[in-house]
Amino acid sequence: MSNIIRHQSDARLSRAVIHNGVVYLAGITADNRGGTSKTQTEEILAKIDALLKLAGSSKSRLLSTVVYVADMRVKPGMDEAWMAWIDPKNPPARATVETRLGTADTLVEIMVTAAQ
Amino acid sequence: MSNDIIRYDPDKRLSDMVEYNGTLYLAGQVGEDLAADAKGQTESILRQIDKLLARGGSDKSKILSTVIFVADMRHKARMDEAWGAWMTAPNAPARATVEARLGSADTLVEIMCVAIK
């Protein structure tokens, strides 16, 4: 009965979960947290590209996104990387909010939902 | 291939609503008059959600899930007043409310929801 596909799963979470043609990605953060919100976002978006590809989707098929920033002052840097990355014809629904993230130097975390 | 996804009011950054496979994904909505209190901002947000859902062939009785961001938990009661006047049993969606700082200092509430057509 279960037709849920999970990718990069561990005991705690899966990086990508697919059901009924919809791909749900975990909150993705950058490994290199020495950088700015722009470079962190660039790394995050590259990871999202790879996960979407693994799930048979792409950034042109994004449905919805929540962007968490550690401080609203880093939003412009995030947005620069975001706008350079998205398919301009196919932007998703999005919200950006400020909240504390996993570590003090994590500036950005992005969670997306996409169609396969 | 991408005609199966409908995007409402896309700009260079985001779409206000995205439709796929009978499901509507709304962007985070904020009040139009940010001088209003949390109740007034929420009322404005809910009117915008009503309009978006109507454009997608849906309405508030078909919302699956909602996340409400409030700039300060002290605003939650006023937000809930507006929400409670708008939402009717037995159609209440799954909902979470959390505190987060929002796009501008005077943005007190932001609401994101997913609905079916």
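Reader: Which strands does helix H1 (residues 37-54) of chain A lie across?

Author: First a word of caution: this is a predicted model. In it, H1(A) lies across S1, S2, S3, S4 and S6 of chain A, and the helix runs at about 30° to S6(A).

Reader: What is the order of the strands in the open sheet of chain A, and what sort of pairing is it?

Author: Six strands make up the sheet, in the order S1-S2-S3-S6-S4-S5, and the pairing is mixed. On average, neighbouring strands there are turned by 10° against each other if you ignore direction.

Reader: What makes S1 and S5 of chain A edge strands?

Author: Each of them pairs on one side only. That's all the label asks for, and S1(A) and S5(A) carry it.

Reader: How do you know that S2(A) and S3(A) count as paired?

Author: Count the bridges. Pairing needs at least two of them between the strands, and S2(A) and S3(A) have four, in the antiparallel sense. The pair therefore passes the cut-off. For a concrete partner, take Val17(A), whose bridge partner in S3(A) is Tyr24(A).

Reader: What stands out about the phi angle of Asn20(A), and where does the residue sit?

Author: Asn20(A) has a positive phi of about 55° although it isn't a glycine. You'll find Asn20(A) in the loop between strand S2 (14-19) and strand S3 (22-25) of chain A. Gln8(A) is another non-glycine with a positive phi, about 50°, but Gln8(A) sits in strand S1 (residues 5-9) of chain A.

Reader: Why do Asn20(A) and Gln8(A) get their exposure labels?

Author: It comes down to counting C-beta neighbours inside 10 Å. Exposed means 12 or fewer; Asn20(A) has 9, so Asn20(A) counts as exposed. Gln8(A) has 14, which is over 12 but under the 20 needed for buried, so Gln8(A) counts as partly exposed.

Reader: And Ala38(B): buried or exposed, and why?

Author: Buried. The cut-off is 20 or more neighbours, and Ala38(B) has 22 inside 10 Å, so the label follows. Ala38(B) is in helix H1 of chain B. Leaving out residues up to four places away in sequence, Ala38(B) touches Val70(B), His75(B), Arg78(B), Met79(B), Leu108(B) and Val109(B). Leu26(B), on the other hand, is twelve residues from Ala38(B) along the chain, with 20 Å between their C-alpha atoms.

Reader: At what distance and angle do H1(B) and H2(B) cross?

Author: Two packed helices are described by the angle between their axes and the distance between the axes. For helix H1 (residues 38-55) and helix H2 (residues 76-86) of chain B, the axes come within 7 Å and cross at roughly 35°.

Reader: Which hand does the crossing of H1(B) and H2(B) have?

Author: That crossing is right-handed. The label is used because the near helix is turned clockwise from the far one by less than a right angle.

Reader: Which residues of H1(B) and H2(B) meet?

Author: From H1(B) you get Ala38(B), Lys39(B), Thr42(B), Glu43(B) and Leu46(B). H2(B) answers with Arg78(B), Met79(B), Glu81(B), Ala82(B), Trp83(B) and Trp86(B). By type, the contact divides into six nonpolar, one polar and four charged residues.

Reader: What comes after H2 in chain B, in the loop that holds Pro90(B)?

Author: Strand S6 (94-99) of chain B; Pro90(B) lies in the loop between H2 and that strand. A cis peptide bond joins Ala89(B) and Pro90(B), with omega about 5°.

Reader: How many helices and strands does chain B have, and what pattern do they follow?

Author: Two helices and seven strands, reading β-β-β-β-α-β-α-β-β along the sequence.

Reader: Why is chain B called as compact as a globular protein of its length?

Author: The globule rule gives 13 Å for 117 residues, and the radius of gyration of chain B is 14 Å, which is close, so the description holds. The C-alpha trace of chain B spans about 45 × 35 × 20 Å along its principal axes, and 41% of the residues of chain B count as buried.

Reader: How many residues of chain A and of chain B are in contact across the two chains?

Author: 22 residues of chain A are in contact with 25 of chain B. On the chain A side, S5(A) gives the largest share, six residues. That side divides into eleven nonpolar, seven polar and four charged residues.

How values were computed:
Residues numbered from 1 in each chain as written. Chains lettered and ligands numbered in written order. Predicted model: local features only at pLDDT ≥ 70, side-chain atom pairs only at ≥ 80, totals over all residues. Contact = placed C-beta atoms within 7 Å. Nonpolar A, V, L, I, M, F, W, Y, C, P; charged D, E, K, R; others polar. Axes fitted to C-alpha atoms, helices over the stretch in contact; angles between N-to-C directions. Rg over C-alpha atoms; globule rule 2.2 N^0.38 Å. Pairing = 2+ DSSP bridges.
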